Amino acid sequence: MSEMKQLQPQLVWKWFTDICNIPHPSYHEDELATYIVTWAKSKNLFVERDEVGNVLIRKPATQGMEDKQGVILQAHLDMVPQKNEATVHDFKKDPIKAYIDGDWVTADGTTLGADNGIGMASALAILESNCPHPDLEILLTVSEETGMEGAVGLRPNWLTHHFMINLDTEETGEIYIGCAGGENANIQLPFTTQANTFTYHYQVSIRGLRGGHSGCDIHKNRGNAIKIITRFLAEFHINYPEFDFTLSEIYGGSIRNAIPREAFANIAFNGDLKVLEKAIADFSYTLRTEYAATEENIIFSLEKLESAKTVLEPDCAIKIIDTLNLLPCGVMRQSDVVTDTVETSLSIGVLRMEEKKLVGTILIRSLIESGIVQIRGQLQSLMHLTGGEVIFSGYYPGWTPQPESELLTLTKKHYSDVFGKDIAIKVIHAGLECGLLKQHYPNLEVVSIGPTIRNAHSPDEKVHIPAVATHWNVLTRLLANMADK
């Protein structure tokens with residue numbers, strides 16, 4: 001961690017190190033927010049928190065920049081808490097153990113929080129630096145990763161500037177001017193139980209998947225652990241109809257906006273154990289073949305358990321397996337308007353058994369409203385057929401591109417000057433807060449930029465050190481050359 005503070009630009013890496021040292025998963029950002037507020041007050045800067053916990057810091061223009069357009073720099077305070085199975089880490093108490101690995105900074109067995117810690121660090125470094133800039137407002141929102149609750153509850157009439165630079169993009173050399181909207185779909189399937197009279201009790205598990213961001217990585221053919229394990233169970237039931245088995249428990253994933261890396265099914269049965277062992281071995285071979293290019297560390301295994309007291313009624317277990325096997329997941333449609341961009345997708349991120357109900361959390365994403373409507377209808381039809389229900393919540397709008405905006409023209413010019421070649425203008429299949437913030441402030445001109453981050457929302461997350469330097473150069477150059485009021 002001390003070595004990170006020697007990286008360039010030092011102020012950015014100093015701030016990122018401080019951020020890593022203070023736990024800040026979603027809904028637990030107060031300690032980090034308090035640290036930032038205390039620092040801002042020590043520098044005699046205007047700083048406030050609104051009713052939902054967002055932080056706003058204002059800094060006057062540097063000398064000679066008073067007549068330039070003011071700018072909002074925006075990032076979010078929270079991070080996604082994901083860890084490898086063998087990693088002992090409490091995200092509410094423990095610092096992130098970040099370290100340098102060649103040209104990258106990554107973490108020891110957990111998410112790094114570069115999403116969006118590096119954007120937050122860049123904004124705070126601007127405040128601390130002597131870089132020329134116009135009037136600045138730094139907006140740091142809470143609970144972005146769990147439903148953009150900070151952006152939803154933003155205090156009205158708080159922001160005063162017309163230009164906003166969102167710092168939550170993860171690819172150098174690209175400017176984002178639009179994003180997908182999204183909505184949570186919470187499925188519930190009732191089940192009934194009985195006393196366990198089966199002879200054997202074993203756990204089928206899948207581990208070692210790459211996971212990742214369920215928007216940015218949804219098109220990369222990565223395995224969804226929940227879907228894979230239910231596929232196995234469905235195919236096993238079809239191929240061995242005489243095999244007498246049921247479930248005692250099935251679960252997987254831990255957060256709605258990450259592709260689940262692990263899933264588990266506890267099964268009770270009376271059949272020949274060798275039949276199940278062979279099916280496991282055959283399916284494991286199938287997985288290694290299908291996912292050879294994307295999931296080199298996949299582990300599909302069988303482990304003996306102590307006998308369970310109760311299990312699901314067998315017919316009920318089969319209905320659950322069939323429903324989850326039919327559940328749509330992944331890319332549903334590519335955009336006809338934006339080249340090489342996913343238009344509509346969905347991903348089940350969490351599966352749990354709670355009080356006689358199987359509960360699953362799905363995140364729907366689409367660049368167009370009708371895409372979300374279509375997926376809602378498919379899920380409602382599936383639940384109607386299988387006796388379950390689906391509850392929709394947490395809707396957030398997409399961000400409609402403004403390709404002719406003055407801020408985009410400025411950003412593209414100065415980014416190209418730093419980068420040495422033309423910059424790609426893109427729309428991202430992920431949720432950024434820009435759409436919600438524009439609902440509060442319809443006249444905002446917004447762009448989103450950031451350094452290269454790989455495998456966000458997974459323990460393989462890493463940020464590219466040279467890209468952070470490029471991002472800093474772009475940001476400082478853009479602020480120093482802002483348009484006149």
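**Exercise 1. The largest pocket**

The largest pocket of this predicted model has a volume of about 580 Å³. Find which residues lie closest to its centre, and which element gives the most to its lining.

*Solution.*
- Step 1. Start at the centre. Of the 25 lining residues, Tyr176, Cys216, His219, Lys220 and Ile428 are the closest to it.
- Step 2. Look for elements that give two or more residues. These are β8, β20 and β22 (453-454).
- Step 3. Pick out the main contributor. β20 gives the most, with three residues.
- Step 4. Sort the lining by class. There are eight nonpolar, eight polar and nine charged residues.

**Exercise 2. The second largest pocket**

Find how much space lies in the second largest pocket, and which element supplies the largest share of its lining.

*Solution.*
- Step 1. The second largest pocket holds about 350 Å³ of space.
- Step 2. Its lining has 17 residues, and the closest to the centre are Arg222, Asn224, Tyr291, Cys329 and Gly330.
- Step 3. Two elements, α5 (225-239) and β16 (330-334), each supply at least two lining residues. The largest share, three residues, comes from α5.
- Step 4. By class, this lining has six nonpolar, seven polar and four charged residues.

**Exercise 3. A closed space**

State how many cavities of 30 Å³ or more the structure holds, and which residues lie closest to the centre of the largest.

*Solution.*
- Step 1. The structure holds one such cavity. About 160 Å³ of space lies in it.
- Step 2. Of its 19 lining residues, Glu144, Glu145, His213, Gly431 and His457 are the closest to the centre.
- Step 3. The lining divides into seven nonpolar, five polar and seven charged residues.

**Exercise 4. Helix α9**

Check whether the end-to-end distance of α9 agrees with its number of residues. Then find what its buried residues pack against.

*Solution.*
- Step 1. Helix α9 covers residues 406-419, which makes 14 residues.
- Step 2. At 1.5 Å a residue, the helix should span 20 Å. Its end C-alpha atoms are 20 Å apart, so the two agree.
- Step 3. List the buried residues of α9: Leu407, Leu408, Leu410, Thr411, His414, Tyr415 and Ser416.
- Step 4. Follow their packing. They meet β7 (163-166), β8 (174-179), β20 (424-428), β21 (445-448) and α11 (465-480).
- Step 5. Go past the helix end. Gly420 follows α9, and its phi is positive, near 85°.

**Exercise 5. The nonpolar cores**

Find how many residues the largest nonpolar core has, and which helix gives the most to it.

*Solution.*
- Step 1. The largest core has 68 residues. Phe16, Ile57, Leu73 and Val105 have the most contacts inside it.
- Step 2. Helix α3 (residues 114-128) gives the most to this core, with nine residues.
- Step 3. Take Ile57 and leave aside its neighbours within four places in sequence. Its contacts include Ile36, Phe46, Leu124 and Ile138.
- Step 4. A second, separate core has 53 residues, including Ile187, Ala225, Phe300 and Ile320.

**Exercise 6. Unusual backbone**

Most residues other than glycine have a negative phi, and most peptide bonds are trans. Locate exceptions in this model.

*Solution.*
- Step 1. A cis bond joins Gln8 and Pro9, with omega about -5°. Pro9 sits in the segment before α1 (10-21).
- Step 2. Another cis bond joins Asp115 and Asn116, with omega about 10°. Asn116 lies in helix α3.
- Step 3. Asn157 has a positive phi of about 55°. It is in the loop between α4 (149-152) and β7, and is exposed, at 73% relative accessible area.
- Step 4. Lys356 has a positive phi of about 65°. It lies in the loop between β17 (342-354) and β18 (357-366), and is partly exposed, at 46%.

Notes:
Residues numbered from 1 in each chain as written. Predicted model: local features only at pLDDT ≥ 70, side-chain atom pairs only at ≥ 80, totals over all residues. Heavy atoms only, no water. Helix = DSSP H or I, 4+ residues; strand = E, 2+ residues; numbered from the N terminus. Expected span 1.5 Å × (residues − 1). Buried < 20%, exposed > 50% of the residue type's maximum accessible area, 1.4 Å probe, protein only. Contact = heavy atoms within 4.5 Å. 1 Å grid on protein atoms, 1.4 Å probe; cavity = no way out; pocket = protein on both sides within 12 Å on 5 of 7 lines; lining within 4 Å. Points joined across faces, edges and corners; volume = space filled by probe spheres on them. Nonpolar A, V, L, I, M, F, W, Y, C, P; charged D, E, K, R; others polar. Core = buried A, V, L, I, M, F, W, Y, C linked by side-chain atoms within 4.5 Å.
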